[in-house]
Amino acid sequence: MNMTMTGTPYTPAKMPESSYLTDGYSLRSWLLTKDHKRIGILYMVSLTVFFALGGIAAIIMRLELATPAGDLVRADTYNRLFTVHGIVMIFLFLVPSIPAVFGNFLLPLMIGARDLAFPRLNLLSWYLYMLGGIITVGVVVGGGVDTGWTFYTPFSSTYSNSNVVWTVAGIFVAGFSSILTGLNFIITTHKMRAPGMGWFRMPLFVWSMYATALIMLLATPVLAITLALVGVERIFGVGIFNPALGGDPILFQHLFWFYSHPAVYIMVLPAMGVMSELVTCFSRHRIFGYEFVAFSSLAIAVLGFLVWGHHMFVSGQSVYGGLMFSALSFLVAIPSAVKVFNWTATLYKGSISLQTPMLYAFGFIGLFTIGGLTGLFLASVAIDVHVTDTYFIVAHFHYIMVGGAVMAYMGAIHFWWPKLTGRMYPEWWGRFSALLIFAGFNLTFFPQFILGYLGMPRRYYSYAPEFQALNVMSSAGATILGLGYVLPLAYLLWSLKYGAIAGPNPFRAKGLEWTTASPPPTHNFAEIPIVTEEAYAYHDMDAETDGREVVAGEDRP
Amino acid sequence: MDQGFRLFPKEASTIAPQVDLLYFFLVAVTAFFTLLIFVAIVYLALRYRRKSEAMPPETKTDLRLELSWTIIPFLITLVMFGWSTRLFLKMSTPPKNAMEIHVIGKQWMWKIEHPNGAREINELHIPVGRPVRLIMSSQDVIHSFFIPAFRVKQDVLPGRFSSLWFEATTPGEYHLFCAEYCGTDHSRMTGRIVVMEPAKFEAWLAGVAPDETPAKQGEKLFTTYGCMACHGERGPTMAGLYGSTVSLADGSKVVADEQYLRESIVNPAAKVVAGFEPIMPAFQGQLSEEQIVRLIAYIKSLRTAAGGEANP
Amino acid sequence: MTTDHPATLDAHDKGPHDSGQPRPAPYGLAHHFEDLGQQHEAATLGMWAFLATEILFFGAVFLAYSVYRHAYPQPFAAASHHLYLWIGVTNTAVLLTSSFAMVLAVHAAKTGNRRQLVGFLVITILLGMAFLGIKGFEYYKDVQEHLFPGKIFNLHDWEAGFWPVDVKSAAGIEFLRHAELFLVFYYIMTAIHATHMVVGLAIMGILAVKAWRGRYTAEYNDPVDMAGLYWHFVDIVWIFLLPLLYMVRN
Ligand code: HEA
Ligand code: HEA
Ligand code: CUA
Ligand SMILES: [Cu+2]
């Protein structure tokens, strides 16, 4: 057996003659497509734009924070910047990111279906997302909004004189996109699996999509209606959440976090799903503890609904309420720990290759561990009292969301890039920017833990001079991080034309998506595959065919 | 204020070292697991790096392993929970003899009033070695009173009291921050906490005290707003009320703390005292935040006048 | 809800595959489903999932409403008292009847009776429109009486006895504020409900036209079935709203 170097395509491949990409080149053929793969690509392009917007806001913020005095922008501008940064990054980038791009693209492929259960609904989701996104970003052009992404009342409902109503309208609309995507995934997973694809043969990515979809379906409507109430309160001047008019501001916080805590799991569960795919493929090993990883996703989804009050430890909720939420928050950490340990154990006796996606996967495990464990500081009420609303929180969630979820998203882009486009990304550049992102990330956000414990409050645009040194480090790191994100943008675009042709399965990965051509044909599979083995059965992968029973496209005689 | 570069905040309250101890425990746990994972990954990635295209053999899931890495973290979190809960309960029960200071937050300043009527803005002078309890409310949006050196923080809400206590241990000047985002100048809603030796503090207090204490001013308001007209006859007496247990018309009992007094004035219908008609008008919107605070100070002063025998 | 129109199912959509035994696509089957059974199950489950979302959507408002009703029992009762219970009850009857007509429509669809299907759909729609009409009339009467939050409510000179308190007194002002909060919820909840009705009516209008053109058969009638589920759900929401809004006692 004389195999080629790692990373190069297994079969001397050529591009398939027809694929979902060749199925029409007009703008119209894209904008009216019902193909889940094309919709995935539509999301990918729009997400990139929103990420860049959010990132640019972050860079301006970091520049401002390089000096203690507020000298670059005005206080009001700064407040608008972090608000738009938070809103765009959460609602328009990270919540949709992996589900909307890779969930859409891969879910049907992974379970051997021709499409999602409701293709038209899927397209509608994208339009809702774009509409919501355009309204939200349009607000920035029209003067911005300065409430923070949390919209705490009565500031947002009465005192802020920025454009709150339009912003919540935008998020409301985008929320329905999330709901419909979740619905589509649930039904697809239940009803569209190929023959033989039992629940415990599904790739873990599908499990995590399923858990995510449950949260999207059940939590998002609460956010939608809550924001709608804020809008009504502002428009009609009534007092739903304003104590001066008989309302209760804490009720708003309960309703908001009832969505927004589960939402953090909307952001991390898909990332965890990606991790399971990456770790298995690049160690050529079945996942350690499949059932444990699968059920921990569901455990996170369910427990995640019970801990919202941990964002309100100092808000004036009752002491015992606080303690209950604290206990439950500790509990929800356990399934995450289970996952981390199982991924690590998967490496044991594997055949490990450090290609770009695997570097991102390692980055995820490390940074998520730090981010998650600092979550335990926050779940300890006695410590949270000191660090809440300081940079410690900012560091905690960036570690999980940027260090964790965005890393996983980047890993996913590199891993499935050949499947999406039919071409390889340049390996050296891939590794280089993965390392750059890792370094830049830690330099940006690690100092923020120290700042937070020192007591620097968040959402401060000017600060006490003794905090400067650490802030300068953070700002310097952000520049490196920004560069780290721009590089992939450049070389991936380059690879669209010049990248090596990938062939159906360049990484010799398991999973039905790798049994069809890259890029896949419009209807995914020549024939609906019949599944006869569990997921990640690397050990008995046939070296000749890479386990491909059905090979569509050019490989088919 | 010492503004030199540092990596760890000053400890200047009785609670601070205890919070820090728990913090160090968590740092140790975090460091341990992070290193564990890190070392494991690096080791495994090198030890089992890909040497050939042959597929590695299967490894079986090990139930004992799975259980141990479920149960051990669980036990560790139990320790964290127990420890933090004990500490938090301590942090949320103010000592009985605490000195009480009123704080009012508004966009974007802190107004502070001492029991003897001394007032400060964005500054709080306190003696070392005496527990202090802050009774706080906001005139507009939510703020948050945060003293990093004391490791304490509490949101300050409109239309309701919240409280916070601490006991300073080291004289000096410390930061006061508003930690809940409250609009344009949120980052300028800052100030100083000045901790003084008791003797110096008394001298300072005597120097700034006005003629009238808040309780005295409250007494006047009690007359001007017509509270006198009812209380004593048609309404319950105020003497000895504060701190006592009140029986309500619906059969339940409440302790008459600041929050209860506030509610009884602002929205009396919410909790009606047993044996009385709900005829008292609601004063919401009629009284400013400061006036409410003074009325309450007055009612509280009557506790001592009545010798506290109304306390069961 | 979303099943592809049969006309879009040209040969290309079926793809070159299904090699071996080219089986004729059953009428109404979208290309990505294997058979009508699968498609039906997917649609049904999808509808239920959607209703779960809806429950949480309404649930949050119901929760907020309950919190305030608990906090301000008297003002809520007083304000509720001024709503027209008889209109509410009438509307309940109208809506229940329309739900019944919908049941018959679904039955007609399942038995492949096109004329009955169209007929019952039209009855359902007419009753739904009647509901909205009556509701509009009720809103009109409410606003006439200044029972509408905001300026209309606050700048009005309430005649003595309309509220069980002296509205000029401090307590009265407070009372009015909370009564106004009740009205806020009354309008929000009924408006969301009405919006759902409008959407339902639009859907059923389309169904009726398609049914008229004979697009549904005894085998393929998922859209009618799903619309039925949705309509019953809207009906049930109303059943909850009636006591919560019109029959508040303190
Ligand atoms: C993707 C996003 C994400 C995720 C996954 C998490 C995960 C967790 N979060 Fe975080 N969180 C946020 C995003 C996220 N968070 C955001 C955005 C905020 C701030 C919002 C705002 O105010 O703007 C926030 C705020 C926040 C708070 C409120 C702080 C405050 O405002 O005062 C708390 C408090 O309990 C908390 C706790 C936790 C916990 C316990 C977890 C756990 O799920 C973590 C579990 C993971 C691990 C524990 C690591 C892996 C485990 C091991 C390697 C083994 C060892 C384990 C043990 C010993 C247990 N988070
Ligand atoms: C997914 C979520 C997400 C992501 C990815 C990020 C990414 C980053 N965040 Fe953000 N952040 C939040 C979510 C996120 N953040 C949230 C929710 C808040 C709270 C908001 C609130 O308080 O309300 C917050 C707040 C927040 C603060 C605190 C502000 C304050 O409290 O005063 C800071 C400060 O340093 C910060 C920094 C950064 C930086 C440096 C990045 C970097 O990782 C960004 C790096 C990216 C780039 C630099 C873009 C790269 C450029 C391109 C891809 C293309 C450019 C192209 C063209 C020009 C054509 N963030
Ligand atoms: Cu006051 Cu922030
Ligand atoms: Cu949370």
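## Polar contacts of ligand 2

A polar contact is a pair of N or O atoms within 3.5 Å. In this predicted model, a backbone N or O atom of Trp149(A) meets that limit, lying 2.9 Å from an oxygen atom of ligand 2. Two side chains also approach the ligand: a polar atom of Arg459(A) is 2.7 Å from an oxygen atom of ligand 2, and a polar atom of His398(A) is 2.8 Å from one of its nitrogen atoms. Helices α2 (36-64), α3, α14, α15 (427-454) and α16 (468-498) of chain A each give two or more residues to the shell around the ligand.

## The iron site

The iron atom of ligand 2 has two protein donors, the NE2 atoms of His85(A) and His398(A), which lie 2.0 Å from the metal. These histidines come from distant parts of the chain, 313 residues apart: His85(A) belongs to helix α3 (residues 75-94) and His398(A) to helix α14 (residues 391-421).

The site has six donor atoms with angles of 87 to 179° among them, and its geometry is octahedral. Ideal angles for six octahedral donors are 90 or 180 degrees.

## Burial of the histidines

Buried means under 20% relative accessible area. His85(A) counts as buried because its relative accessibility is 13%. His398(A), with a relative accessible area of 12%, is therefore buried too.

## Composition of the shell

Ligand 2 is surrounded by 33 residues, and the closest are Arg62(A), Tyr78(A), His85(A), His398(A) and Arg459(A). By class, the shell holds 23 nonpolar, seven polar and three charged residues.

Definitions and conventions. Residues numbered from 1 in each chain as written. Chains lettered and ligands numbered in written order. Predicted model: local features only at pLDDT ≥ 70, side-chain atom pairs only at ≥ 80, totals over all residues. Heavy atoms only, no water. Donors = N, O, S within 2.8 Å, 3.2 Å for Na, K, Ca; no water. Tetrahedral: all angles 85-135°; square planar, octahedral: opposite > 155°, others 65-115°. Helix = DSSP H or I, 4+ residues; strand = E, 2+ residues; numbered from the N terminus. Buried < 20%, exposed > 50% of the residue type's maximum accessible area, 1.4 Å probe, protein only. Near = heavy atom within 4 Å. Polar contact = N/O pair within 3.5 Å; in protein donor to acceptor, adjacent residues only side chain to side chain. Nonpolar A, V, L, I, M, F, W, Y, C, P; charged D, E, K, R; others polar.
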